[in-house]
Amino acid sequence: MNKMKDKMAFRPWALRKIDSRNRYIFADSKKIEAKIDELIRIYNPGSVLFYLSMPHEADLNPYLKKVRKKRKVYVPFMVGDSFKMVGYRLPLKRGRFGIFEAKKSPRAIKHVDMIIVPILGVDRTFRRIGFGKGMYDRFYEGLKKKPVTIFVQNRFCYTSSMITDDYDVSPDYIITPKHFFKIKA
């Protein structure tokens, strides 16, 4: 547990903590996949929005390929200050912020049943602390029906202070290699 005064102080602390586990990324990612797989079996979503991982995030790309055999799988495509969902299809190319993206699609996808969200950490309200761009917050705000929301991270980074804003996304579940929290009833 850590007391932080604001998100600006929390982010570098969380990145250092997460980077210290980077050598375990493969094993940690497999543990996270198993827990997500359990939730997919329970909820049986028709569509899932995955993220395409950066080096310090759980690498769910192999799992994403497995899931897409049975469900619609979407990934973020950066548009302005937010993103839109596009179907996962190859080849991927590096987009803004160095994150891989699928090709842009003219099709407007407005609904998804489940969303897997990478996080740097959470505060005592369990709302998301991300990288400071607010893209997931703006995206989530635009959804009419809220999907089952799963936060994932390689190492649980938490502050007992309240440093998030009301508009920051909150999850149904938080998954790390060692933790599985159900947040909403």
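Select Arg16 to begin the tour of this predicted model: Arg16 sits in helix H1, and with a relative accessible area of 55% it counts as exposed. Now add His56 to the selection; although 40 residues separate Arg16 and His56 in sequence, their C-alpha atoms are 10.0 Å apart in space.

**From His56 to the cavity**

Keep His56 displayed, because His56 belongs to the lining of the largest cavity, where its companions include Ile18, Tyr51, Glu57, Phe131 and Val152. A search of the whole structure finds one cavity of 30 Å³ or more, and the space inside the largest cavity comes to about 60 Å³. To colour the lining by class, expect eight nonpolar, three polar and one charged residues. The stretch Pro118, Ile119 and Leu120 is also part of this lining, as are Gln153 and Asn154.

**Strand E9 and its partners**

Val152, one of the residues lining the cavity, leads on to strand E9, so select residues 148–152 next. Is this strand covered or uncovered? Strand E9 is mostly covered, with five of its five residues buried. Turn the strand so that its two faces can be told apart: Val148, Ile150 and Val152 point one way, while Thr149 and Phe151 point the other way, and all of them are buried.

Two further strands can now be added. Strand E6, residues 114–118, runs parallel to E9 and is joined to it by five bridges; in this pairing Val117 has Phe151 of E9 as its bridge partner. Strand E10, residues 173–175, also pairs with E9 in the parallel sense, here over three bridges, and Ile175 of E10 is the residue that stands opposite Val152.

**The nonpolar cores**

Ile150 and Val152 of E9 lead into the largest nonpolar core, which holds 49 residues; together with Ile36, Phe50, Leu60 and Ile116, they are the members that touch the most other members. The largest share of this core, five residues, is supplied by strand E2. Which residues surround Ile116, once its neighbours within four places in sequence are left aside? Select Ile36, Val48, Leu49, Phe50, Tyr51, Leu60, Tyr136, Ile150 and Val152, each of which is in contact with Ile116. A second core, separate from this one, has eight residues, and Phe10, Ala14, Ile18 and Cys157 are among them.

**The largest pocket**

Tyr136, met above as a contact of Ile116, is also a way into the largest pocket, since Tyr136 lies with Arg128, Phe131, Lys133 and Met135 nearest the centre of that pocket. The volume of this pocket is about 480 Å³, and 26 residues line it. Several elements each supply at least two residues of the lining, namely helix H1 (7–19), strand E2 (72–79), strand E5 (100–101), strand E8 (128–129) and helix H4 (135–141). Among the sources of the lining, H4 gives the largest share, with three residues. Coloured by class, the lining shows 15 nonpolar, three polar and eight charged residues.

**The second largest pocket**

The second largest pocket has a volume of about 230 Å³. It is lined by 13 residues, and to find its centre, select Ile109, Lys110, Phe139, Gly142 and Leu143, which are the closest to it. Strand E3, residues 82–87, contributes the largest share of this lining, three residues, and the lining as a whole divides into six nonpolar, two polar and five charged residues.

**Two loop residues with positive phi**

The tour ends in two loops. Go to Asn44, in the loop between helix H2 (25–43) and strand E1 (47–49), where phi is near 50°, a positive value in a residue other than glycine. Is Asn44 buried or exposed? With a relative accessible area of 53%, Asn44 is exposed, because the cut-off for that class is over 50%.

Then select Phe126, in the loop between strand E7 (121–122) and strand E8. Phe126 is not a glycine either, yet its phi is positive, at about 65°. The relative accessibility of Phe126 is 26%, so that this residue counts as partly exposed.

Notes: Residues are numbered from 1 along each chain as its sequence is written. This is a predicted model: local features need pLDDT of at least 70, side-chain atom pairs count only at pLDDT 80 or more; totals for chains, interfaces and linings use all residues. Side-chain values use heavy atoms; hydrogens and water are left out. On a 1 Å grid over the protein atoms alone, a cavity is a set of points where a 1.4 Å probe fits but cannot get out, and a pocket is an open set with protein on both sides within 12 Å along at least five of seven lines; lining residues have an atom within 4 Å of a point. Grid points are joined across faces, edges and corners, and a volume is the space filled by probe spheres set on the points. Helices (H or I, at least four residues) and strands (E, at least two) are DSSP runs, numbered from the N terminus. Ala, Val, Leu, Ile, Met, Phe, Trp, Tyr, Cys and Pro count as nonpolar, Asp, Glu, Lys and Arg as charged, and the others, Gly among them, as polar. A nonpolar core is a set of buried Ala, Val, Leu, Ile, Met, Phe, Trp, Tyr and Cys residues joined through side-chain atoms within 4.5 Å. Buried means under 20% relative accessible area, exposed over 50%, partly exposed in between (1.4 Å probe, protein chains only). Contact means heavy atoms within 4.5 Å. Two strands pair if DSSP finds at least two bridges between them.
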